[in-house]
Structures are given as structure tokens and as C-alpha cells.
Amino acid sequence: MTVVTTTRLRPGGEDEWDAAVRARFESARDRPGWVSGQLLTPTEEPHTRLIVGTWQSRDDWEAWHHDPAFLEQRSTLEQLEEEPSRTEWFEVVADARRG
């Protein structure tokens with residue numbers, strides 16, 4: 001499963017938010033079901049971020065989202081966001097990566 005979260009940031013908080021997401025990726029590496037993650041920003045929208053996370057299952061992702069350390073980090077991120085983020089789920093139909 002792949003989850004895409006889209007967020008608009010308050011101007012000036014981008015570096016802090018990006019660093020917090022990088023730390024979040026590091027904490028996810030050892031979680032059951034974690035596959036990969038990417039942090040993206042559209043070239044024409046410097047205050048927008050997309051987090052693309054791939055997990056073995058949605059249950060694995062949800063378990064991580066109930067972890068106390070995750071919840072503490074979440075409040076830091078929310079303070080830097082201009083509006084609530086939007087999350088969309090996708091089933092992976094094909095996955096091509098360099099070996």
C-alpha cells in the first residue's frame with residue numbers, strides 16, 4: 001500500500017518541517033511493514049509537501065501512527081502547517097525500481 005499525504009506549510013517553517021519528516025522516516029525504518037518513503041515538493045509550489053510512504057499494509061502504517069513518539073512529533077509538524085493535511089491511499093499495481 002502507498003499513502004500520499006499532501007500538506008501546505010506556513011512560510012518560513014519549511015526547513016524545520018522537512019527535518020522533522022526526515023527524522024520521522026528514520027523512526028519508521030525499524031517498524032514492521034515499512035518499505036520506503038519520499039518527501040516531495042512541487043517545483044511551482046515551494047510551501048507544499050507530499051509524503052509518499054509505502055507499507056506492506058495499512059494496518060502497519062496505522063500502528064506506527066498510534067506510537068507515542070509519533071504522536072509527539074505530529075504536534076510539532078502541525079504547528080508548521082498552514083492547513084490540515086490530506087491523506088490518500090493507493091494500492092500498488094506495479095513497482096519498478098533499480099535493482
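The following conversation takes a predicted model and asks why certain words are used for its parts.

Biologist: Why is Asp30 called exposed?

Modeller: Asp30 has a relative accessibility of 73%, and the word exposed is used for values over 50%, so Asp30 counts as exposed. Asp30 is found in the loop between H1 and strand E2, which covers residues 34–40. In space, the C-alpha atom of Asp30 is 22 Å from that of Asp95, and the two residues are 65 apart in sequence.

Biologist: What makes Gly13 buried, then?

Modeller: Here the relative accessible area is 9%, and buried means under 20%, so Gly13 is buried. Gly13 also sits in a loop, the one between E1 and H1. Between Gly13 and Val35 there are 28 Å, C-alpha to C-alpha, with a separation of 22 residues in sequence.

Biologist: How do you know which word to use for Glu83?

Modeller: The relative accessible area of Glu83 is 39%, and a value that is neither under 20% nor over 50% is called partly exposed, so that is the word for Glu83. Glu83 lies in the loop between H3 and strand E4, residues 86–90, and the C-alpha atoms of Glu83 and Thr7 are separated by 7.3 Å, although these residues are 76 apart along the chain.

Biologist: Why does His47 get the label that it has?

Modeller: With a relative accessible area of 26%, His47 falls in between the cut-offs of 20% and 50%, and therefore His47 is partly exposed. The place of His47 is in the loop between E2 and E3, and its C-alpha atom is separated by 9.1 Å from that of Glu82, 35 residues away along the chain.

Biologist: Why are H1 and H3 called roughly antiparallel?

Modeller: Two packed helices are described by the angle between their axes and by the distance between those axes. The axes of H1 and H3, the latter being residues 68–79, cross at roughly 165 degrees and come within 10 Å. Angles over 145 degrees count as roughly antiparallel, so H1 and H3 are roughly antiparallel to each other. The crossing in which H1 passes H3 is left-handed.

Biologist: What makes up the lining of the largest pocket?

Modeller: The largest pocket, with a volume of about 260 Å³, is lined by 16 residues, and those nearest its centre are Thr5, Arg24, Ile51, Trp61 and His65. Two or more lining residues come from each of strand E1 (2–8), helix H1 (14–28), strand E3 (48–55) and helix H2 (58–65).

Biologist: How is that lining divided by class?

Modeller: Eight residues of the lining are nonpolar, six are polar and two are charged.

How values were computed. Residues numbered from 1 in each chain as written. Predicted model: local features only at pLDDT ≥ 70, side-chain atom pairs only at ≥ 80, totals over all residues. Heavy atoms only, no water. 1 Å grid on protein atoms, 1.4 Å probe; cavity = no way out; pocket = protein on both sides within 12 Å on 5 of 7 lines; lining within 4 Å. Points joined across faces, edges and corners; volume = space filled by probe spheres on them. Helix = DSSP H or I, 4+ residues; strand = E, 2+ residues; numbered from the N terminus. Nonpolar A, V, L, I, M, F, W, Y, C, P; charged D, E, K, R; others polar. Buried < 20%, exposed > 50% of the residue type's maximum accessible area, 1.4 Å probe, protein only. Axes fitted to C-alpha atoms, helices over the stretch in contact; angles between N-to-C directions. Parallel < 35°, antiparallel > 145°, perpendicular 65-115°, else oblique. Left-handed = near helix turned anticlockwise from the far one by under 90°.
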